[in-house]
Amino acid sequence: MKNDKIKVTSAGHDYEELPETYVIFITENDVLQRNLPIYNIDRYIGQNMELFKDGSHIIYVNSQIQDDTPLGKLMQDMYCTDPAKLNYKEFAPQMEFLKHSKDGEGEMRDLFEEYAHQVGQQIGQQLAQQMGQQIGQQIGQQLGQKIGQQLGQEIGEKIAKEKVKEATKKATMKAAKTTKKKTLKDMALKMLKRGDSVEDVAEITSLPPESVRALQASM
């Protein structure tokens, strides 16, 4: 590629200021032998397979796949020798000069470099958008899981505390009720033993007359 297409940071600039770079190889054959029209190669951290965001990308375009996709039609034009049959007609006026004249041979290389640069920019923008969406979804999912776990734990602890509190309250009320009932029965027994009537005992202790008579029978 021409030197004026390469942009790097000057000395003293931060690493974050490095621009996104794309190195594009349009190959005559499927050099990676995976039968794909395009190969997007990025760097990943080996231990956790996270994308290493250094802004550098390598793209291999397999020119043997010449289907009806925009990229496939572009590869058809790369092999086409008849300007009238080009899919992208904007290149037709120059093809006759570049492919069929001796003077055009010197400019052919520059044309393909410019062509590759334009295609690379389009592909790079599309890839950057897709990668941004994927990274955003992954980060959102991780944050969602973390927040969900934290909220779930907090809600679970709150519910557990409420249940323990409710159970403790019920147990306390039951114990108090049992203690009160036992105290009233003891009082009723003492009154019956000293000769108080069932009606008097029931009125003073608030126990049902039937319960007082049962106590009297058990004496």
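Two strands count as paired when DSSP finds at least two bridges between them. In this predicted model, one such bridge joins Tyr22 to His57, its partner in strand 3. That bridge is a convenient place to begin a tour of the structure.

Strand 1 and strand 3 pair in the parallel sense, over 7 bridges. They belong to an open sheet of 3 strands, whose order is 1-3-2 and whose pairing is mixed. Strand 1 and strand 2 (38-41) form the edges; each has a single partner strand, so one side of each is left without a neighbour in the sheet. Ignoring direction, neighbouring strands are turned by 15 degrees against each other on average. As background, strands of a sheet pair through backbone hydrogen bonds, either parallel or antiparallel. Helix 1 (residues 70-79) lies across strand 1, strand 2 and strand 3, and runs at about 65 degrees to strand 3.

The sheet also brings us to the aromatic rings. A search of the whole structure finds 1 aromatic pair. Its members are Phe25 and Tyr60, whose ring centres are 5.0 Å apart and whose planes meet at 20 degrees; planes under 30 degrees apart count as stacked, so this pair is stacked. The pair links distant parts of the chain, with Phe25 in strand 1 (residues 21-27) and Tyr60 in strand 3 (residues 56-62), 35 residues apart. Are these two residues buried or exposed? Phe25 has a relative accessibility of 37% and therefore counts as partly exposed. Tyr60, at 22%, is partly exposed as well, because the buried class is reserved for values under 20%.

Attention now turns to the nonpolar cores. Which residues make up the largest nonpolar core? This core has 10 residues, namely Leu184, Ala188, Met191, Leu192, Val198, Val201, Ala202, Leu207, Val212 and Leu215. At least two of its residues come from each of helix 3 (105-193), helix 4 (198-205) and helix 5 (209-218). Helix 3 gives the most, with 4 residues. A second, separate core has 6 residues, among them Ile59, Leu71, Met75 and Met78.

Helix 4 deserves a closer look. Its buried residues are Val198, Val201, Ala202 and Thr205. These four cover an arc of only 95 degrees around the axis, which puts them on the same side of helix 4. A general rule fits here: an α-helix has 3.6 residues a turn, so residues three or four places apart point the same way. On the other side of helix 4, Glu199, Glu203 and Ile204 are exposed. Within the buried group, Ala202 touches Leu207, Pro209 and Val212, when residues up to four places away in sequence are not counted. Helix 4 is followed by Ser206, which has a positive phi, near 65 degrees.

The last stop is Met219, in the segment after helix 5. Which residues does Met219 contact, leaving aside neighbours within four places in sequence? They are Leu189, Leu192 and Lys193. Met219 and Leu192 are 27 residues apart along the chain, and their C-alpha atoms are separated by 8.9 Å. With a relative accessible area of 47%, Met219 is partly exposed.

Definitions and conventions. Residues are numbered from 1 along each chain as its sequence is written. This is a predicted model: local features need pLDDT of at least 70, side-chain atom pairs count only at pLDDT 80 or more; totals for chains, interfaces and linings use all residues. Side-chain values use heavy atoms; hydrogens and water are left out. Rings of Phe, Tyr and Trp (its six-membered ring) pair if their centres lie within 6.5 Å; planes under 30 degrees apart count as stacked, over 60 as edge-to-face and the rest as tilted. Buried means under 20% relative accessible area, exposed over 50%, partly exposed in between (1.4 Å probe, protein chains only). A nonpolar core is a set of buried Ala, Val, Leu, Ile, Met, Phe, Trp, Tyr and Cys residues joined through side-chain atoms within 4.5 Å. Contact means heavy atoms within 4.5 Å. The arc is that of the directions from the helix axis to the C-beta atoms. Axes are lines fitted to C-alpha atoms, for helices over the stretch in contact, and angles run from 0 to 180 degrees between N-to-C directions.
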